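Student: I have a model open and would like to talk through its fold before setting anything up. Could you go through it with me?

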Amino acid sequence: MKYNGKWRKCSQAKQDLFVHNLIGKNGTYVEIGGHLPARRSNTYNLVVHEGWNGFSIEFDKTYQKDWEACYERNTKVYWGDAITFDYAKASKDLGFNTHFNYLSVDIEPPENTFLALQKVINDGITFDVITFEHDSYQCDKDFHTKACEFLLPKGYKVAVYDVWSKRPERLFETWFISEKIDFPRMPFTSWLKSQNLLGTSYR
């Protein structure tokens with residue numbers, strides 16, 4: 001599937017398209033770092049156009065009014081600390097099991113993003129796809145490598161690496177998938193090419 005007319009150009013690097021192409025419709029997600037409900041959202045198109053369900057967690061309550069005004073989204077948002085949040089309890093309370101199709105993890109700073117990744121996995125939640133924002137352009141620590149060291153022994157593998165954004169161009173993310181999914185490891189540039197997006201203003 002390529003981007004079509006009904007989808008908004010929300011996600012920063014077409015994370016939603018990558019996830020949809022692997023999973024399809026009616027999936028489930030956990031979004032760590034809900035931020036705004038539509039603008040630059042990794043889950044907006046999946047929820048609004050593809051029937052996905054799940055929950056988000058966001059620390060900054062100044063975004064709460066934006067979520068309340070986004071009537072097309074009816075999924076749960078928790079306002080709290082992603083590093084101490086009880087993901088297993090939230091999943092049970094909302095009627096989900098401990099396996100979700102997609103995890104989007106993006107909070108600030110990168111150290112906290114990695115801690116939140118560890119917390120949700122250590123809470124016993126599993127995923128088919130994980131998009132992890134390591135923000136290597138803004139810190140000295142290599143959180144891409146740390147995420148690999150943490151996730152690979154737990155049944156995940158790197159699918160797309162060196163994910164970069166435009167305006168300005170910078171490396172900021174790695175996409176992991178379950179090792180059970182048949183998908184060849186590739187750099188982001190190759191994935192863009194496979195989607196006919198290379199050389200376009202894809203954001």
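Student: How do β1 and β2 pair, and over how many bridges?

Tutor: This is a predicted model, and in it β1 pairs with strand β2, residues 53-58, in the parallel sense, the pairing running over five bridges. Within that pairing, Val30 has Phe55 of β2 as its bridge partner.

Student: And is β1 itself enclosed or left open?

Tutor: Five of the five residues of β1 are buried, so the strand is largely enclosed by the rest of the structure. Both of its faces are covered, with Thr28, Val30 and Ile32 buried on one side and Tyr29 and Glu31 buried on the other.

Student: Zooming out, what is the strand order of the sheet?

Tutor: The sheet is open and has eight strands in the order β3-β2-β1-β4-β5-β7-β6-β8, with mixed pairing. At its edges stand β3, residues 76-79, and β8, residues 186-187; each has a single partner strand, so one side of each is left without a neighbour in the sheet.

Student: Which helix packs on it, and which strands does that helix touch?

Tutor: Helix α5, residues 110-122, packs on the sheet and touches β1 (28-32), β4 (99-105), β5 (126-133) and β6, while its direction makes about 175 degrees with that of β5.

Student: What about β6 and β7, which way do they run relative to each other?

Tutor: Strand β6, residues 156-165, and strand β7, residues 170-178, run antiparallel and are joined by seven bridges. One of the bridge pairs can be named, since Tyr156 has Ser178 in β7 as its partner.

Student: Back to α5, then: at what angle does it cross α6?

Tutor: The axes of α5 and helix α6, residues 143-151, cross at roughly 10 degrees and come within 11 Å of each other. Because angles under 35 degrees count as roughly parallel, α5 is roughly parallel to α6. On the α5 side the contact is made by Pro110, Glu111, Phe114, Leu117, Gln118, Ile121 and Asn122, and on the α6 side by Phe143, Lys146, Ala147, Phe150 and Leu151.

Student: Different topic. Where does Gln15 sit, and is it buried or exposed?

Tutor: Gln15 lies in helix α1, which covers residues 15-23, and at 1% relative accessibility it counts as buried.

Student: Which backbone atoms does the side chain of Gln15 reach?

Tutor: A polar atom of the Gln15 side chain lies 3.4 Å from the backbone nitrogen of Gln12, and the Gln15 side chain also reaches the backbone nitrogen of Ala13 at 2.9 Å. Leaving aside neighbours within four places in sequence, Gln15 is in contact with Asn42, Tyr102, Thr131, Phe172, Glu173 and Trp175.

Student: I was also looking at Val19. What does it touch?

Tutor: Val19 is placed in helix α1 as well, and its relative accessible area of 0% makes it buried. Not counting residues up to four places away in sequence, Val19 touches Gly24, Leu46, Trp52, Tyr102 and Val129. Val19 and Val129 are 110 residues apart in sequence, yet their C-alpha atoms are 6.9 Å apart in space.

Student: Now the backbone oddities, please. Where is the cis peptide bond at Pro109?

Tutor: The bond in question runs from Glu108 to Pro109 and is cis, with omega near -10 degrees. Pro109 is found in the loop between β4 and α5.

Student: And which positive phi values should I look at?

Tutor: Arg40 has a positive phi of about 55 degrees although it is not a glycine, and Asp162, also not a glycine, has a positive phi of about 55 degrees. Arg40 is found in the loop between β1 and α2, the latter being residues 44-50, whereas Asp162 is found in strand β6. Arg40 counts as partly exposed at 38% relative accessibility, and Asp162 counts as partly exposed at 39%.

Student: Last one, for the topology file: how many disulfides are there?

Tutor: Searching the whole structure finds zero disulfides. As for the cysteines Cys70 and Cys148, Cys70 counts as buried at 8% relative accessibility, and Cys148 is buried with a relative accessible area of 13%.

Notes
Residues are numbered from 1 along each chain as its sequence is written. This is a predicted model: local features need pLDDT of at least 70, side-chain atom pairs count only at pLDDT 80 or more; totals for chains, interfaces and linings use all residues. Side-chain values use heavy atoms; hydrogens and water are left out. A disulfide is a pair of cysteine sulfur atoms within 2.5 Å. Buried means under 20% relative accessible area, exposed over 50%, partly exposed in between (1.4 Å probe, protein chains only). Helices (H or I, at least four residues) and strands (E, at least two) are DSSP runs, numbered from the N terminus. A polar contact is a pair of N or O atoms within 3.5 Å; within protein, one must be able to donate a hydrogen and the other to accept it, and residues adjacent in sequence count only if both atoms are side-chain atoms. Contact means heavy atoms within 4.5 Å. Two strands pair if DSSP finds at least two bridges between them. Axes are lines fitted to C-alpha atoms, for helices over the stretch in contact, and angles run from 0 to 180 degrees between N-to-C directions. Angles under 35 degrees count as roughly parallel, over 145 as roughly antiparallel, 65 to 115 as roughly perpendicular and the rest as oblique.
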